[in-house]
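Q: I would like a close look at one part of this chain, taken slowly and with the terms spelled out. Please begin with the packing of the interior.
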Amino acid sequence: MSAAFRISNALWQKIHHFASFPQTGVSLQQMVLFGQHPSHGTLLKASHFLVEELPSIRKVKNWYAQSFEELINFPPLSLSPAARQSLYARSDKEDMNIYLPDSVPNPSLMPSYLDGDAAESGPTYGEKEGIVHGSRAGNSPYKGSGNSGGNGVCGLRNGNIKLRVPVERRYYAQTPSHTYPPGVHDYNARFTKTLEAIKRRHDPTVTTVAQGVLEWQRAKGIKSGMGVGLPAYRQGGGEVQAWLDRFYMSRIGIRFLIGQHVALNNQQPHKDYVGIICTQANVHDILQEAIENARFVCEEHYAMFRGPPVQLICPSDLTFPYVPGHLSHIVFELLKNSLRAVVERFGPDYEDRSVEDPSGWDKGGYPPIKVIVVEGSEDITIKISDEGGGIPRSAIPLIWTYMYTTMAGQTIDQDFQADDFQAPMAGFGYGLPLSRLYARYFGGDLRLISMDGFGTDVYIHLNKLSSSREPLP
């Protein structure tokens, strides 16, 4: 982004105007059904949704203000009355007139939004600001019949901005057959390129914000690695923790919407994919790849020939609709924590005691980390168990706070441009809180139980039904 970009008064007014509209939470199931058979009409509807929707997330001021301006100033498409009517009309074929199913709230977040396991961090986002939970602008193309998400009333948010009452619209999974003019295809192509440029602009946002938090900690005299939002180091930390939760959850959502729209426009049809959503995501294969990647990073970091073994217990044919990148990121981050805990408890030289038996498992060396996967009626649950010594009970509230780490030398290179899924072994204090946000984004959760002196169990709950809406701030 150009350093000369400035936010004008007119742009600020537009930002405040759009910020007054509630957001529309969508579920994975709705996204799959809407994108299964994309046409110029459905892609055009999705473009209209994103033009209205994406500007609601504006935290890293200049980047987001510039992206917001590009979206609201994107040249509109002029459609004939017949073409415009066909976007929202019923089809002559009855099997086309199926409403997208309603989404439901994440059961883990029903009492309060992103409360986590650390009540000591102060009031949660929903408790503190009286948020009306639920939807974006109320005109999502992914919506079902009457899916207001609890947004039919006004509320307050972000500096006491009064939320407007959304206008309900109904959309069908597919639009009636209609011959759209060439301008529709050109509009979709140009809009997709704009979204791709916006996504690239925001690639370094996570590390840029993390650097800002480090600077804030130094200014407040908070010891590096102690995290934010703790009573002993509060000094505004509780508000920073809540803001980071809202911001990063919003970032996950906005990048998912952009990635899905770009994929629907650019990728060739694939029987197992709808955009970036894999309708038959193989849990075993995703976890096995994450295990190999985490062990590689561990071995590189500690200069080891063979890191602690990881035992995967998972049905090889277990599949469900999910975004593979999200699941891979969660498991990769958690396994890095477990591998590091085991190595640092027993020492890097402990691998010399291991002898590989005919079954392929190490004997006499590091105790194995176990990854157990079970399919239930509503969830797929993944348990990661290690014998890395556990976490003291007094430190449990700390682990969910951003910038908390036990690794010394916490620094971020100013020129670091890696995205969310490229990270070193440890040191930034973002692994657990971000992984929990990814798990919660589509109706799951992340829980941790520690046995101090022995090890830690982490439970990843994934919504198998894909019916939970985004937990939007």
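How many residues does the largest nonpolar core have, and which of them have the most contacts inside it?

A: This is a predicted model, in which local features need pLDDT of at least 70 and side-chain atom pairs count only at pLDDT 80 or more, while totals for chains, interfaces and linings use all residues. Residues are numbered from 1 along each chain as its sequence is written, and side-chain values use heavy atoms, with hydrogens and water left out.

The largest nonpolar core (buried Ala, Val, Leu, Ile, Met, Phe, Trp, Tyr and Cys residues joined through side-chain atoms within 4.5 Å; buried means under 20% relative accessible area with a 1.4 Å probe, protein chains only) has 80 residues, and Tyr 248 and Tyr 430 have the most contacts inside it. Neighbours within four places in sequence aside, Tyr 430 is in contact (heavy atoms within 4.5 Å) with Val 206, Val 209, Ala 210, Val 213, Leu 244, Tyr 248, Tyr 402 and Met 403. A second core of 14 residues is separate, and Leu 79, Ala 83, Leu 87 and Val 262 are among its members.

An open sheet of five strands (DSSP E runs of at least two residues, paired by at least two bridges) has the order 5-9-10-12-11 with mixed pairing. Strand 5 and strand 11 (445–451) each have a single partner strand, so one side of each lacks a neighbour in the sheet. Four bridges join strand 5 to strand 9 (residues 369–375) in parallel, with Gln 311 partnered by Lys 370 and Leu 312 opposite Val 371. In strand 5 (residues 310–313), Val 310 and Leu 312 form the covered face, whereas Gln 311 and Ile 313 form the uncovered one.

Key:
Buried < 20%, exposed > 50% of the residue type's maximum accessible area, 1.4 Å probe, protein only.
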